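New to this one? Take a minute to look it over before reading on.

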Amino acid sequence: MNLTDLSTVRHVMERFGISTKKKYGQNFLINAAIPERIAEEGTGGDACGVLEIGPGIGTLTTALAKRVKKVVAVEIDDGLIPVLDYTLAEFDNVTVIHGDILKTPLLPLLREHFADCEEVYVCANLPYYITSDIIMYLVESQLPFRALTVMVQKEFADRIVAQPGSKEYGAVSAAVQYYGKAQKLFKVAPGNFLPAPKVDSAVLRIDLYREKPVQPKHEVLFRYIIRLAFEQRRKTLLNALAGKVSVTKQELTEILIDLSLPADVRGERLSLAQFAEIADRIGQRF
Ligand code: SAM
C-alpha cells in the first residue's frame with residue numbers, strides 16, 4: 001500500500017471514518033521521498049531497531065519496517081490503532097503501542113522489544129506542539145539510543161544546532177548539545193504534508209554521545225546556571241546569576257576573570273565547556 005499516495009490516504013481515512021486531529025499535531029507525510037530519506041539517513045541497517053513516535057497512518061513506519069529488524073511505534077490517538085493494524089498488516093516486525101510517549105517508560109520498552117537489536121534509533125515526524133518535551137524526554141533518559149532523526153519545525157531545528165554567539169543559541173540548544181551532536185539533514189516544505197502546516201519543517205539528526213565531551217562535576221548546578229543564563233538573555237551572566245547561586249557577585253566576577261571571560265559576558269556567548277567550568281568553580285566554593 002502506498003501511504004503517500006493522496007487517493008490511498010483518503011481511502012484509508014474514509015474507510016476508518018477518521019480525519020486529521022490538530023490537537024495531536026497530525027500532519028501526515030504525502031511525499032514518498034521524505035519517509036524514505038528519514039529511514040535511510042536515520043537508521044543503521046537491518047540489525048537495528050527503531051522506536052518511532054507518532055506513526056499516524058503508518059507512512060514512515062512502512063519505510064522503516066522495510067529496512068530494519070524491528071520497529072516499535074507509540075501512537076497516542078486511539079482512532080489510529082485499527083488503521084495501523086490495517087496499513088501495517090504485511091509487516092511482522094512492527095509493534096504498535098497505544099500511548100503517550102511522554103508517559104511511556106522507555107527502559108522497560110527497550111528491554112522488552114530491542115534486546116536482540118544491535119543498536120536502537122529513534123525516528124519520527126514529531127507532533128510540533130510537544131517537540132521540545134519529547135526530545136528532552138528522550139535525551140534525558142540517558143538510554144543508549146544511537147541517534148534521533150526527527151522532523152521538527154525548521155525554526156526549532158535552527159535553534160537546536162545553533163552555536164554560541166548566534167541569535168538562535170539558547171537554553172534548548174545547550175541542553176540538547178550536552179547530550180549529542182546535532183545536525184540539520186534537510187528542509188521540508190509545507191506542501192509535503194496533509195494538511196499543510198503553516199511553517200517550514202526540517203529533519204534533524206542528533207547523534208547521542210556515548211561519552212559526553214563536556215562533563216561538569218555538578219550537573220544539576222550546570223543545568224541550573226544554563227537555565228538562569230537564558231531566562232533573561234539580555235542580562236549579563238553576572239546579573240542573571242546574582243543572588244541565585246551560592247557565591248557573591250564579587251566571587252562570580254573573580255571566577256569569570258579566572259576563566260579569561262569579560263565581566264559583562266552574556267550566557268549566549270558561552271560554550272557548554274565554559275558553562276561547565278563556571279558551574280565547577282561555583283560548586284567548589286560551597
Ligand atoms: N508519522 C506520521 C507521518 O509522518 O505521516 C504522522 C506524523 S504526525 C506529525 C504526529 C503523530 O504523532 C500523530 O500521529 C499524532 O497522533 C502522534 N502524537 C501526538 N502526540 C503524541 C504523543 N504524546 N505520544 C505519541 N504520539 C503522539
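What follows is a short tour of the sheet, the helices beside it, and the empty spaces. Keep in mind that this is a predicted model.

**The sheet**

Let's begin with the strands. Seven of them form an open sheet, in the order E4-E3-E2-E5-E6-E9-E7, and the pairing is mixed. In general, the strands of a sheet pair through backbone hydrogen bonds, either parallel or antiparallel. At the edges sit strand E4 (94-98) and strand E7 (180-188), each of which pairs on one side only. From one strand to the next, the twist averages 20°.

How many bridges join E3 to E4? There are five, and these two strands run parallel. As for Glu-75, its bridge partner in E4 is His-98.

**Helices on and beside the sheet**

Helix H6 (residues 131-140) lies across E2, strand E5 (120-125), E6 and strand E9 (201-208). Relative to E6, helix H6 runs at about 175°. Helix H8 packs on the sheet too, where it touches E7 and E9, and its direction makes about 115° with that of E7.

H8 (residues 171-179) also has a helix partner, H9 (residues 219-231): the two pack at an angle of about 155°, with their axes 9 Å apart. Angles over 145 degrees count as roughly antiparallel, so H8 and H9 are roughly antiparallel to each other. Who makes the contact? On the H8 side, Ala-171, Ala-174, Tyr-178 and Tyr-179 do the job, and on the H9 side Glu-219, Phe-222, Arg-223, Ile-226 and Phe-230. Sorted by class, that contact has seven nonpolar residues, two charged ones and no polar ones.

**Pockets and cavities**

Now for the empty spaces. Rolling a probe the size of a water molecule over the atoms shows where such space is left. Here are the volumes and the make-up of each lining.

| Space | Volume | Lining by class |
|---|---|---|
| Largest pocket | about 400 Å³ | twelve nonpolar, one polar, five charged residues |
| Second largest pocket | about 310 Å³ | six nonpolar, five polar, three charged residues |
| Largest cavity | about 330 Å³ | 16 nonpolar, nine polar, three charged residues |
| Second largest cavity | about 40 Å³ | four nonpolar, three polar, no charged residues |

Which residues lie nearest the centre of the largest pocket? Of the 18 that line the largest pocket, they are Gln-142, Leu-143, Pro-144, Phe-145 and Arg-146. Helix H5 (106-114) and strand E6 (145-153) each supply at least two residues of this lining.

The second largest pocket, with about 310 Å³ of space, is lined by 14 residues, and those closest to its centre are Lys-22, Gly-25, Asn-27, Pro-197 and Lys-198.

Then there are the cavities: the count comes to two of 30 Å³ or more. The largest cavity is lined by 28 residues, with Gly-54, Pro-55, Gly-56, Glu-75 and Asn-125 closest to its centre. Strand E1 (28-29), strand E2 (49-53), helix H3 (59-65) and strand E3 (70-75) each give at least two residues to the lining of the largest cavity. Glu-75 thus comes up again here, having been met earlier as the bridge partner of His-98.

The second largest cavity has a lining made up of Gly-25, Asn-27, Asn-125, Leu-126, Tyr-128, Phe-193 and Pro-197. Some of these names turn up elsewhere: Gly-25, Asn-27 and Pro-197 are also among the residues closest to the centre of the second largest pocket, and Asn-125 is one of those closest to the centre of the largest cavity.

Key
Residues numbered from 1 in each chain as written. Predicted model: local features only at pLDDT ≥ 70, side-chain atom pairs only at ≥ 80, totals over all residues. Heavy atoms only, no water. Axes fitted to C-alpha atoms, helices over the stretch in contact; angles between N-to-C directions. Helix = DSSP H or I, 4+ residues; strand = E, 2+ residues; numbered from the N terminus. Parallel < 35°, antiparallel > 145°, perpendicular 65-115°, else oblique. Contact = heavy atoms within 4.5 Å. Nonpolar A, V, L, I, M, F, W, Y, C, P; charged D, E, K, R; others polar. 1 Å grid on protein atoms, 1.4 Å probe; cavity = no way out; pocket = protein on both sides within 12 Å on 5 of 7 lines; lining within 4 Å. Points joined across faces, edges and corners; volume = space filled by probe spheres on them. Pairing = 2+ DSSP bridges.
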